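Q: I'm new to this structure and would like a close look at a single part. Could you walk me through how two of the helices pack together, and what sits around them?

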Amino acid sequence: MSCPAMGQLLSNTRYYKRFFPYYAFNVLGGLDSEGKGCVFTYDAVGSYERVGYSSQGSGATLIMPFLDNQLKSPSPLLLLAKDAVTPLSESEAIDLVKTCFASATERDIYTGDKLEMLILNADGVRREEMDLRRD
């Protein structure tokens with residue numbers, strides 16, 4: 001199943017169960033039919049949108065402005081934008097995610113004690129963990 005098809009399926013499932021028991025905010029990521037990355041973000045009742053990047057949860061209000069600053073092209077009023085999102089290498093993306101969560105953890109008491117990432121690439125799947133709170 002393609003990621004856009006999975007995105008639609010998740011939206012339908014979420015909308016069908018919008019009152020109970022599925023009341024959650026989701027992010028779905030994967031590859032589309034052209035092999036390009038795609039990210040879908042969902043509201044509580046299943047409405048969704050394809051975006052370049054997203055964050056959900058208690059730390060999202062802290063993480064999204066940082067991601068906007070790091071990934072969005074400059075204002076078209078200042079410079080013509082080439083792409084909506086700055087492309088990153090795998091190591092740059094991993095470092096950015098770690099920085100986002102480390103920063104959010106400092107200000108948001110509901111962000112957890114550990115970051116667990118599953119990195120999917122041509123070599124397979126690997127798991128990385130990072131402790132966030134040490135107090």
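A: Here is a walk through the packing of α2 and α3, followed by what lies around them. Keep in mind that this is a predicted model.

Let's begin with the basics of helix pairs. Two packed helices are described by the angle between their axes and the distance between the axes. Here, the axes of α2 (residues 60–71) and α3 (residues 90–107) come within 9 Å, and they cross at roughly 145°. The crossing of α2 past α3 is right-handed.

Which residues make the contact between α2 and α3? From α2 come Leu62, Ile63, Phe66, Leu67, Gln70 and Leu71, while α3 brings Leu96, Thr99, Cys100, Phe101, Ala104 and Arg107. Sorted by class, that gives 9 nonpolar, 2 polar and 1 charged residues.

Now zoom in on Cys100. Setting aside neighbours within four places in sequence, Cys100 is in contact with Ile63, Phe66 and Leu67. Cys100 also belongs to the largest nonpolar core, a group of 7 residues. Its other members are Tyr53, Ile63, Leu67, Leu71, Leu96 and Ala104. Both helices take part in this core, with α2 and α3 each supplying at least two residues.

Next, step back to just before α2. The loop between β3 (48–51) and α2 holds Ser55. Is Ser55 buried or exposed? Its relative accessibility is 13%, and buried means under 20%, so Ser55 counts as buried. Not counting residues up to four places away in sequence, Ser55 touches Val27, Ala60, Ile63 and Met64. Ile63 turns up here again, having already appeared in the α2–α3 contact and in the core.

β3, at the start of that loop, is part of an open sheet. Three strands make up this sheet in the order β1-β2-β3, with antiparallel pairing. β1 (27–31) and β3 are the edge strands, each pairing on one side only. From one strand to the next, the twist averages 25°. Between β1 and β2 (residues 37–42) there are 5 bridges, and Gly29 stands opposite Val39 in β2. Another helix, α1 (residues 3–16), lies across β1, β2 and β3, running at about 10° to β2.

Finally, look further along the chain. β4 (residues 114–121) and β5 (residues 124–131) run antiparallel and are joined by 8 bridges. The two form a hairpin with 2 residues between them. Within this pair, Ile119 stands opposite Arg126 in β5.

Methods
Residues are numbered from 1 along each chain as its sequence is written. This is a predicted model: local features need pLDDT of at least 70, side-chain atom pairs count only at pLDDT 80 or more; totals for chains, interfaces and linings use all residues. Side-chain values use heavy atoms; hydrogens and water are left out. Helices (H or I, at least four residues) and strands (E, at least two) are DSSP runs, numbered from the N terminus. Buried means under 20% relative accessible area, exposed over 50%, partly exposed in between (1.4 Å probe, protein chains only). Contact means heavy atoms within 4.5 Å. Two strands pair if DSSP finds at least two bridges between them. Axes are lines fitted to C-alpha atoms, for helices over the stretch in contact, and angles run from 0 to 180 degrees between N-to-C directions. A crossing is left-handed if the near helix is turned anticlockwise from the far one by less than a right angle, and right-handed if clockwise. Ala, Val, Leu, Ile, Met, Phe, Trp, Tyr, Cys and Pro count as nonpolar, Asp, Glu, Lys and Arg as charged, and the others, Gly among them, as polar. A nonpolar core is a set of buried Ala, Val, Leu, Ile, Met, Phe, Trp, Tyr and Cys residues joined through side-chain atoms within 4.5 Å.
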